[in-house]
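Good morning, and thank you for joining. Please take a moment to look at the sequence and the structure.

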Amino acid sequence: MPRLFVDNREVEVDPGATILDAARKLGIEIPTVCFLKGYEPSTSCMVCVVKVNGMASLTPACGTPAADGMRVESECDQVRQARKAALELLLSDHVGDCMGPCHVICPAQMNIPLMIRQIQQDQLRDAIVTVKRDIALPAVLGRICPKPCERGCRRAAVDEAGEAVSICLLKRYVADVDLQSPKPYLPACKPKLDKRVAIIGAGPAGLAAAYYLLQEGIDCTVFDDHDKPGGMLQYGVPEKELPRDVLAREVALIMKLGARFQGQTRIGAALSLEDLRKDFDAVFVAAGADAEPMGLTTSANGIAINGDTYQTDIPGVFAGGDAVRKRRLTVRAVADGKEAAASIGQYLTGRTVTGPVKVFNTRIGKVRDDEKDAFAACGSDERRVILSHEGNGFTDEQARLETSRCLHCDCRKTDNCRLRQHAREHGARATCYKGERRPFVQWVQHPEVIYEPGKCIDCGLCIQITAGAAEEFGLSFVGRGFDVRVEVPFGRSIAEGLKHSAAQCVAACPTGALAFSK
Amino acid sequence: MDELDLTFVDRVVERLGTAAENVLEILQAVQGHFGYLPQQALERVCRIAQITPAAIVGVSTFYDQFRHHPVGRHVIHVCVGTACHVKGADRVYEAFQRRLGIAKGDDTDANKMFTIEKIACLGCCTLAPAVQIDDVTYGHLSPDGVSTVIDDFLRYERSRAGRGRKTSGPRIESSDHRGEIRLGLGSCCVARGSGKLRDALEKALGDTGVKINVKRVGCVGMCHQTPLVEVVMPDNKSFLYAKVLPQDAKAIVMRHFKVDGTTRRISNSLSQVLDRILTDEEPAPVTRYSINVRDKPVADFLGRQKHIATEHHGVIDPVDIDEYLSHDGFKALEKCIREMSAEDVIAEVERSGLRGRGGAGYPTHRKWSAVRSRQADEKFLVCNGDEGDPGAFMDRMLMESYPYRIIEGMTIAAYTVGAGQGYFYIRGEYPLATERISQAMENAAERGFLGDDILGSGFSLHLKIVPGAGAFVCGEETALIASIEGRRGMPRLRPPYPAENGLWGRPTLINNVETYAAVPWIIRNGAEAFASLGTSTSKGTKVFALAGKVDRVGLIEVPMGISVRQIVEDVGGGIAGGLRLKAVQVGGPSGGCVPAELAHLPVDYETLQSIGTMMGSGGMVALDETDCMVDIARYFLEFTQNQSCGKCTFCRIGTRRMLDILERLCAGQGGKADIQELEDLARMVQATSLCGLGKTAPNPVLSTIKYFRDEYEAHVAKRCPAGKCKALITYSITDDCIGCTLCAQHCPVDAIAMKPYQKHEIDAEKCIRCGTCKQVCPAEAVKVQ
């Protein structure tokens, strides 16, 4: 029974155990991407490297036998740097988008592909949850948003007519169906925290901030110099573009969550920012384009803030929306409200104020001419649905048809990709190493499984599985070195390669290379 | 696709066996037959053998040797070995592409006449840059000369066809049983200012009516002694002639082959040569049978050398077992078997200080005792002859010239460790070595030095040759094992080491060709004699392939501890052309550069390692001031990156990203941060790669950054001080131009307008920087900046 030390802690393991086994026995988590218990370690990803007996070179913990008297370091600088480098190298050769380009480009970072699939599957209740997770006023934005998401939509880049998916109308469809339902969606709120926030300005930024702060159990009072909430939505946008009843119904839902609206109250001489700071635990300044600085430091764009946290130079005072930006976009204002709410929540609960958690993302980037067909493989050939009458939204049928045009650019394993998980944990930079991008390829012949070779890290788990399952063709490494790929032998289809072991391969695949298509 | 006749496949599988481990040999046979691997044939193999589609596809796409598409009628191999690289192989390759109209990314011309391929090393560094078209080698090529080469080859082909000889078919032919004349290095003769030798031999054969082949073969040593001619007799006896002149041809033919009287009379009635021969005049070249060591350059070349692995070089007939026996052959084996216990042998090897000659320098006795101490029902022995470094062909020379010595060393090792079955893994590109080892194995078995009950001792050893299929990584011992087992040559994590868990899970001893070759000498002459050579940690001798910019290139065996400078100056005759030594690249793609200012250091394992290089398998390339060190680093990394098996992230992607940076630098697109990023990444790859290939791949990069950082910085500033990197240089014509129009005539892209008696000008837009104008200019009026 070998006894060894991992990070100076002694452990005894069974003969034949690896360093990884020893560390796990001690509860020490060594990250692995290519390793899966029950399979031969491929020692390929090298994310699990550790330092043994002070030697200059590192060794993969998953495949190195634990030996008596060994001294293993799993957390020293060299190890951490090597892990990060391994992840960054893998990412430098990773042809995949964690999140769809539409999702990334949306200022509010709404998960558009997910919403589209929920519409497709007739899960409209789930769809509105998805939408309102990031956009507090979707019915409003569904009418007036300049839709940057559709400029990012890959369908537009590969579509013969250059037409994006009508994301904005789909979002409007989801929101309208919800608003017209007997019980429109109201998110659950956490228990009250006994914290109060004053929000100056009842425009899109202020309302959005209220919507998300209330969900965190934080009381909100929204001050506005007008008598109705909505800011420029109420007083700036033409009625033709935004019927006021839509605005009223969406705002009403925020009020229903518990927001207090105090109209006809100008923050200035009578009630100053200082007064609010005394009465409230935090202040969010979202007073729009013409906001007075109220003693806050300003920049060329308006009130000066920390771009990540929305903090102004006065402690406890945050600012967002048109008050802090030159380029004015309602969807940006709504996003500011959401993000500032995250910072304010952190501030009020005594955490370090960092702003919203940054998600890790890799991106493919520009589509090349010869890749259009490959990208188009998962969308229908339908043309963009034309509305029967300007100002109308989609009918149920039209919405379904339009969703079929979505190409499913986001990764099918965003939440359980081990590469993404460790990249996030190790602060790996996806674009650290620049190299020529491989062509985008996806194999779609299998009824249930999609294979994207660009996301494969060559761990060979699927090859082990197909060999064990006695597949007639199975999978094999093809080529060597940097050009090695996992393919079905003899140019057979993925359906022929994975007759019996598809589900097992998908489960084992550490990335989104092999995934269920739905 | 047309139906292929697959009965051949059935026959091959029947002959070689249906076991999975035979996959490499089956694939080699199939390719030999069809010229490539048709998918139908592979599918057939899967149906009738125990080989799965996944296995056959995995293996056949792993090794460079295998082609999956039909090739042109002739294959042009452009050698891109180190020596050829520094002498412009890339430009030659591009010139062939241009001449044949082959688009970038493609490899075969429209008429399916020629397929062009780069090959890691043809092993004829003296001819650099060299190409091989089918079995014909051409040397000292220039971009301007490729048309001449193609024309010459086609003419030669027609003349071969006219005489009813085979014009195509498998390029690895067994030797003609009527005997043959081999031109050493193929066209050493052609390249070395004696192109008429071939014609002369052909003519001599025609005149004398001797019906044998003149075949071009690879190098057997003494490169600067070319042209070398080897006469191989029907019984496989061979004779070697150096520096042969065309007028010697007939005499050579007459000496060895029985001339048909009738034919002679009819075809040569007017021949003066015949008269000479009939008067029994002693043919002059016969005295060259043994290379004359009194020649001044030869004496210098040999003076510093010490021949152990290459003992009796130049005088011994490689496959004549009686000759080997008469030179103390198999005496060491006899001594071991009759007088020594296994422990005695190991102790002797230990005292000799012998260390692995494959590169890493692991003490040989330790491997031997590790395998010996293992209890197992079966143990194996492997000889690693998968030499794959560009610019290294020591092992090939040893295998071609001293097959018995290696076999004797292996037999002693097998006797010592208790192995009953051995494998001789020989690089596929070495058909001659394979042929000779195979012949030598047969002869040795006949005389009782191999096979069952060797020398009546009860000890048996059976050897099998496994031809490699072109994967540098298979030099790594665990990859080599995978390859012998019929799998992709992927290394695995050690431990366990092969001594414990090797071939088919059994204890396995793996040593390099040169290591085995040194063993008989040690046993015969005693460990002390071996240990008296060299330094405190590195004993004995080391064989190097000396190439690059020295005057006398070739294969040398020198005592350890000799300085790099002594090798360059004394053995190599100094840098050619009056230029200065800049650095010596030691150890090929795993090694690094020894800069001129450190050339006084001794060649031993530790010293080389301490300055960032390594012994490696023995490539040694001298570089002069016209060589760009960034380009050299890029060159080696391109090689290792291409040869990475692809298993671990750091080697698979890390080396690619390093190469990306080097390519950027050489293309003048480097940024300030690139050098640091390259260095950091190189250290990461070095420390974290799984096997030796990845761990050593950064050496050429790190050592050039260490000693020639200023050149890297110059490249960031878009300057190539040596004038090598194409994107960073321009060609222009100075006032020295005499208006001869030669440059304009030879420019392949019409970048120079013809202006007789006027100063010419180069259109920088059109110029492809092939260097032809500089080469042809008689007035040295072409300037590179």
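I shall begin with a sheet in chain A and then turn to chain B and the nonpolar cores.

This is a predicted model: local features need pLDDT of at least 70, side-chain atom pairs count only at pLDDT 80 or more, and totals for chains, interfaces and linings use all residues. Residues are numbered from 1 along each chain as its sequence is written, with chains lettered from A and ligands numbered from 1 in the order in which they are written.

Chain A holds an open sheet of five strands, ordered 2-1-5-3-4, with mixed pairing. Strands are DSSP runs of E, at least two residues, and helices are runs of H or I, at least four residues, both numbered from the N terminus; two strands pair if DSSP finds at least two bridges between them. At the edges are strand 2 (9–12) and strand 4 (58–60) of chain A, each pairing on one side only. Strand 1 (residues 3–6) and strand 5 (residues 71–73) of chain A pair in the parallel sense over two bridges, and A:Phe5 stands opposite A:Arg71 in strand 5 of chain A.

Turning to chain B, its secondary structure comprises 33 helices and 19 strands. Of its 785 residues, 56% are buried, that is, have 20 or more other C-beta atoms within 10 Å of their own, with C-beta atoms placed from the backbone.

The largest nonpolar core (buried Ala, Val, Leu, Ile, Met, Phe, Trp, Tyr and Cys residues joined through C-beta atoms within 7 Å) has 272 residues, of which B:Val78 and B:Val584 touch the most other members.

Note on methods:
A residue is buried if 20 or more other C-beta atoms lie within 10 Å of its own, exposed if 12 or fewer, and partly exposed in between; C-beta atoms are placed from the backbone.
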